[in-house]
Amino acid sequence: MRERHLETEIAPYLRGDLSASERVRVAGHLAGCARCRADADAFAAVLKTLAIDAARIPEPDWSAYRAELHRKIAARRDRLEISRARWRSPRLAWASMATAGAAVAAIVLVLMLSRPPQPGVPAVEQLAMEDAMGGADVGLLRNYPVVEHLDLLENYDVIEHLDEVTPADTANENRS
Amino acid sequence: MVQSDEELCRQVAEHNAAAFEALLDRHQARAFRLACSILGSEADARDVSQDAFIRLYEAAGKFDGRSRFTTWFYRIVVNLCIDHKRRNKWWRKMVPFSNPDDDPDAPPVDPPSPEPGPESLAIRGDSGRRLRAALEGLSPTQRAAVLLQTEEDLTSREIARILKCSESTARVHIHRALAHLKKTMRADD
């Protein structure tokens, strides 16, 4: 079977970053494969050019660099201190908390008002109507002694099953 | 006795200013150079490397000592560089990449070669400007991987730790970066 070409092993090989056994295998392949040898040659040249190019990066003025760094650190520390002091000061802390609380309350209110009524949950108007109807029923029951003689009470269960009553039953009832 | 980076970092966590200065002395040049290579801009490299030191100053306590200090710190530098490049990607499309090597009076870079092969000859004739233009075509991670290898002399295992990926993935990043650079630089000939 023909051995596959080298790929990710070339750079580690060039830099001596392979184990001894891997190194022997890669060296053996390179000895017999012109294409991989050409790749290795090209990669070596690129790596060398990169290293030389990196050495050409001009260094900044380190004292100015460090002075700027320390100014940035001090500025961040000051901002942090101001922020902490704000929370330590009772008046400012209460004002901040009150503002935050008001904002949260406003958001909750807006969300509640903008939310459509969910199915299955009765609306406020519906509950009020049911309450009024219930109240009317209670009033009716208080006057039960009067109402019972007015034949106004209807047995809805009986009405519902009237069509199930046979004529014989009706005749027996009449006889008795 | 010379203190290790790890020991100095622990002291920075305890607000020891002298320890922070010592770490700056040791790593400022490497951090700046690495950031400059990845970002291609000295001004950006200055800002980003300083940001990395600010993170070190503020978060030294988070260094748990399980890895080397350099791995931890260069992960901060590389992550900040990658974030910076991603953030500025849209902007870079609007503004052409400026390069100090655009100066025609700048001395040419043509490294001497003891064993010039045909591929080497083609590539070594390139200037740094063309190399950086080719680097622009790499993803931030590929660029970081290959530059960590060439500039910081890190192994692919160390690069994998910095990039938080497997060693084989780090090798793939390096291989793809080198293949792209080879192809781009040869195409320019």
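**Exercise 1. Identify the residues at the centre of the largest nonpolar core, and the helix that gives the most to this core.**

*Solution.* A nonpolar core is a set of buried Ala, Val, Leu, Ile, Met, Phe, Trp, Tyr and Cys residues joined through C-beta atoms within 7 Å. A residue is buried if 20 or more other C-beta atoms, placed from the backbone, lie within 10 Å of its own, exposed if 12 or fewer, and partly exposed in between. The largest such core has 62 residues, of which Val12(B), Ala35(B), Leu56(B), Val77(B), Cys81(B) and Ala145(B) touch the most other members. The helix that gives the most to this core is α2(B), with 10 residues.

The model is predicted: local features need pLDDT of at least 70 and side-chain atom pairs count only at pLDDT 80 or more, while totals for chains, interfaces and linings use all residues. Residues are numbered from 1 along each chain as its sequence is written, and chains are lettered from A and ligands numbered from 1 in the order in which they are written.

**Exercise 2. Trace the surroundings of Val12(B) and its distance to Glu58(B).**

*Solution.* Two residues are in contact if their C-beta atoms, placed from the backbone, lie within 7 Å. Leaving aside neighbours within four places in sequence, Val12(B) contacts Ala19(B), Phe20(B), Leu23(B), Leu56(B), Tyr57(B) and Ala60(B). Glu58(B) is 46 residues from Val12(B) in sequence, and their C-alpha atoms are 8.7 Å apart. Glu58(B) belongs to helix α3 (residues 42-59) of chain B. With 15 other C-beta atoms within 10 Å, Glu58(B) is partly exposed.

**Exercise 3. Describe the geometry of α2(B) and the setting of Leu39(B).**

*Solution.* Helices (H or I, at least four residues) and strands (E, at least two) are DSSP runs, numbered from the N terminus. Helix α2 of chain B covers residues 17-39 and bends by about 50° at His27(B); the bend is the angle between axes fitted to the seven residues ending there and the seven starting there. Just after α2(B), Gly40(B) adopts a positive phi of about 75°.

Leu39(B) lies in this helix. Leu39(B) is buried because 23 other C-beta atoms lie within 10 Å. Beyond four places in sequence, Leu39(B) touches Asp44(B), Ala45(B), Val48(B), Cys81(B), His84(B) and Lys85(B). Ile82(B) is 43 residues from Leu39(B) in sequence, with 8.4 Å between their C-alpha atoms.

**Exercise 4. Characterise chain A and the side of chain A that touches chain B.**

*Solution.* Chain A contains nine helices and zero strands. Of its 176 residues, 11% are buried. Among contacts in chain A with a separation of 6 or more, 41% join residues 24 or more positions apart.

The contact between the chains takes 33 residues from chain A and 36 residues from chain B. On the side of chain A, α1 (10-14), α3 (34-55) and α4 (62-88) each supply at least two residues. The largest share, 14 residues, comes from α3(A). By class, this side of chain A has 19 nonpolar, two polar and 12 charged residues; Ala, Val, Leu, Ile, Met, Phe, Trp, Tyr, Cys and Pro count as nonpolar, Asp, Glu, Lys and Arg as charged, and the others, Gly among them, as polar.

**Exercise 5. Determine how α3(A) is placed against α8(B), and which residues make the contact.**

*Solution.* Helix α8 of chain B spans residues 140-152, and its axis comes within 9 Å of that of α3(A), crossing at roughly 70°. Axes are lines fitted to C-alpha atoms, for helices over the stretch in contact, and angles run from 0 to 180 degrees between N-to-C directions. The two helices are therefore roughly perpendicular, a class that covers 65 to 115 degrees, with under 35 roughly parallel, over 145 roughly antiparallel and the rest oblique. From α3(A), the contact is made by Leu47(A), Leu50(A), Ala51(A) and Ala54(A); from α8(B), by Val146(B), Thr150(B) and Glu151(B). These comprise five nonpolar, one polar and one charged residues.
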